[in-house]
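User: Hi! I am new to this one, and I would like to learn what the terms used for it rest on. Could you take me through it?

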Amino acid sequence: MITSSKSLTENGKQKTENRDSVPPPSTSLPETPPRRAARPLVWVTIAFILGLAAPSWGLKIPQGWLAAALAALWLLLALAWLIRRGGGWLPLAFFWLLGVAFYQQAQQPVFPPQHLTRLPLEQELTLRARLDRPSRIGTHGVQMFLDAAAWRSPAGWRPVSGKLVVTASHLTPPPVGTGVVLRTRLRVPKVLKNPGSFDRARYLAADGIFRVASLRQPEDLIVLANAGASPLRERLRGSIRGLLQELPPGPRAMYLAMLLGDQGEITPEMRQDFSRTGTSHLLVINGMHLGAVAAVTYFLCFWGLRRFPRLLLRINAMKVSTLISAAPVVAYAWMAGGSPSTQRAEIMVLAYLLLLFLGRPREVWSALALAALIILTLSPLRLYSISFQLSFAAVGALLYFLPRWFLGAGERLSPEGWKAKILPRVRVWVKEAAATSLVATLATAPLVAMYFQVVSLLGAAVNLMAIPLVLFLALPLGEVAVLAQSLRLTPLAQGLLALGQIPLWLAYETIAAAARLPGSALMVSIPTWLQIAAYFLVWIFVFPPRRQWWTWMAAALAGVVLAGTVALPLLPASQDLEVTCLDTGGGLAGVAVAPEGTRLVFSAAGASWPGQTAVSPSPLPGYLHWRQFQRLEQVMALRLAQGNALELLHLARQFQVGQFWYGRRGPEGPAYYELMNLLGDQNRSPRSLERGRPPGALGSVGLEYLQIGEGGVALQLSYQGRLVLVIPPGSRLNPAEVAVPPGSRVAALIIPGKPARILDTLARGLHPEIVVVYGSPPGAITTAGLPGGVRWVLTGEGAVSLKISANGAIAGQWRP
């Protein structure tokens with residue numbers, strides 16, 4: 001015991017001496033490498049997106065300055081790389097400027113000498129072209145996407161290049177690849193200068209389209225006989241279309257939309273049901289469709305490979321399943337016609353499959369950023385498309401919120417007994433599906449409200465029932481049917497389609513039943529970008545990555561901003577009469593708001609021909625939604641025709657309208673008859689301004705109706721001794737028909753853009769304070785020789801708003 005104690009003491013002393021003999025550590029700290037940002041691709045993509053968005057907010061940098069700034073930043077980045085230093089904010093600034101440059105180049109590209117944009121506008125031309133992609137068939141017409149090849153000049157046929165959109169009505173479009181010869185007039189896509197108007201020129205420029213045209217009659221299009229056989233894709237699409245003719249109308253229309261991207265058989269009633277339940281995405285080939293095809297293929301392949309244990313020793317089942325899953329995704333996108341939205345979804349799904357193949361499935365943020373960067377690099381203006389915004393908003397919200405809302409992935413399932421194994425899994429799957437549907441619905445709600453002015457209250461529940469039926473049952477059966485038909489196994493394809501119609505029928509019946517429920521959806525006004533940003537900030541700060549006191553303050557501030565902007569339109573209106581005349585393609589469109597807040601919409605179609613199809617959305621619905629109006633007391637069509645029937649149809653569906661009135665009618669068309677049928681079904685048949693008893697007042701504003709030439713009706717508004725005359729297109733005003741009470745004065749005259757008629761009207765004694773000219777492009781009206789003391793305002797330069805009071809009239813113009 002003594003020896004043992006001594007040895008232990010010696011050992012302890014030796015350990016102490018060894019520990020004391022260790023030299024003290026150096027006081028100088030080693031040089032730490034620069035800290036790198038997590039997921040740099042995400043931040044670079046965000047900077048690029050902000051650069052693409054900056055020009056739409058008014059930023060415009062000269063090309064020379066932009067090129068110099070990019071060159072300087074590139075040199076600084078190269079210098080930082082050479083000296084092994086972090087670039088800091090330099091990469092973000094570089095990609096931000098790069099986004100600005102990409103946007104400006106996409107909006108104003110440099111065209112080759114033989115491009116379609118070099119041809120004269122608004123002149124009768126004969127073109128030879130080829131259908132570039134499947135036509136878009138709607139209820140009111142068809143849009144054909146053509147690739148021009150030649151044009152007939154006075155010296156003969158000359159080569160030409162460029163893409164073109166041709167609008168026609170009552171026409172069956174030929175298949176893709178067919179050569180055609182058409183006689184038409186080229187036009188520049190018109191951008192209406194109104195608040196809330198759809199930027200159609202930018203929408204088409206994203207696809208490289210800078211010219212549009214329309215066919216007056218079907219005989220203006222000649223289909224050329226193909227020299228050889230039709231392309232394989234078109235033959236396959238035609239055979240699938242033939243097989244689908246055997247199905248009932250509902251499943252056939254849904255299968256045509258999901259398999260071929262053809263929504264021509266989707267009726268307005270079906271479209272309204274899908275819109276009210278938030279399931280319209282099921283009719284558009286998007287990332288969910290391609291992702292569902294990839295998921296079903298992956299799990300079937302992985303399940304099949306697991307049946308062969310010896311094979312698993314030689315191959316990686318996950319990588320093999322991932323490679324096989326990419327094949328149907330590419331085939332599906334090819335079969336659907338390769339539309340821009342389909343290509344975007346294809347890139348997104350393939351980017352995630354690439355991460356799975358590389359063994360990095362958790363880097364989903366990087367995959368999302370990579371997909372966005374590829375899409376926006378190839379087509380920068382795709383940022384402003386609704387499909388891009390909805391897809392990335394939904395996926396980004398799922399990646400951010402789902403781990404914070406749903407914790408089922410970490411639950412442990414007991415392997416003992418089939419009940420203890422299956423039932424908890426089912427519970428977890430249902431919980432995860434419900435959370436996914438709720439997150440996607442909340443994330444896309446403000447964007448859906450902005451583009452469609454409707455918010456579904458049952459969207460999360462209906463999607464939870466419809467998505468499994470449509471995407472995981474009907475769609476895979478349809479894709480296998482397409483594969484069987486390509487192998488000429490027609491009976492098998494018929495059986496698969498007949499089987500697939502069952503879940504489609506169940507899904508649509510569920511959707512239709514939910515749409516018929518009272519309060520299933522709310523019609524809302526267009527939210528502003530400030531409201532959309534505040535909405536997302538509230539959710540982000542309520543569920544932050546790390547909750548702190550300032551996140552609660554930020555969430556409260558964003559909530560106050562959101563509530564304040566929503567309540568702003570509810571404030572009392574001004575005590576003036578407000579009359580707004582919008583920029584149109586030739587017709588009349590505007591709204592009058594009385595001091596009490598009651599509203600009267602006036603509209604009149606411009607010159608048109610029978611069967612004419614509207615080539616751009618009307619400005620009225622977008623402007624009224626932008627003003628956040630929900631009720632319209634009166635809607636008056638001073639001239640009702642096919643040209644403005646479609647916009648009135650939108651008003652009847654999207655707003656609470658008190659009464660409809662009309663003046664002169666014709667020419668008629670499909671939208672005209674659809675409007676009459678809708679109003680008749682609602683027991684709100686429009687009344688005649690000539691034979692009926694139109695209202696004599698709008699609140700405190702007096703209303704009168706003047707008969708002018710060939711049954712035309714002009715509108716006269718009077719308020720506090722001031723008159724406003726609204727003259728429809730194609731009418732000539734006789735000043736003798738205007739009864740100006742003593743002490744009153746014509747404050748404003750709203751008249752079509754015909755200089756001779758304006759001079760004639762003013763020469764006969766009408767001397768208004770303000771003349772608003774509509775239906776003419778900027779610069780078409782000159783004031784030379786016109787009486788002085790009158791202010792001339794053209795709606796072609798921007799929408800005009802008049803404020804009428806006892807002191808006179810004040811005109812304000814909206815500048816885009």
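User: What makes the lining of the second largest pocket 21 nonpolar, six polar and five charged residues?
Analyst: The classes decide that: Ala, Val, Leu, Ile, Met, Phe, Trp, Tyr, Cys and Pro count as nonpolar, Asp, Glu, Lys and Arg as charged, and the others, Gly among them, as polar. Sorted this way, the lining has 21 nonpolar, six polar and five charged residues. This is a predicted model, where local features need pLDDT of at least 70 and side-chain atom pairs count only at pLDDT 80 or more, while totals for chains, interfaces and linings use all residues. Residues are numbered from 1 along each chain as its sequence is written, and side-chain values use heavy atoms, leaving out hydrogens and water.

User: Which residues lie nearest the centre of the second largest pocket?
Analyst: Those are S525, V566, P569, Q628 and Q630, from a lining of 32 residues. Lining residues have an atom within 4 Å of a point of the pocket, which is an open set of points on a 1 Å grid over the protein atoms alone where a 1.4 Å probe fits, with protein on both sides within 12 Å along at least five of seven lines.

User: Why is one side of β15 (687-688) left without a neighbour in the sheet?
Analyst: The open sheet runs β15-β14-β13-β12-β11-β10-β23-β24. β15 stands at an edge with a single partner strand, so one side is left without a neighbour. Strands (E, at least two residues) are DSSP runs, and two of them pair if DSSP finds at least two bridges between them.

User: How do you know that β12 and β13 pair?
Analyst: Five bridges join them, and the definition asks for at least two, so they pair.

How values were computed: Helices (H or I, at least four residues) and strands (E, at least two) are DSSP runs, numbered from the N terminus.
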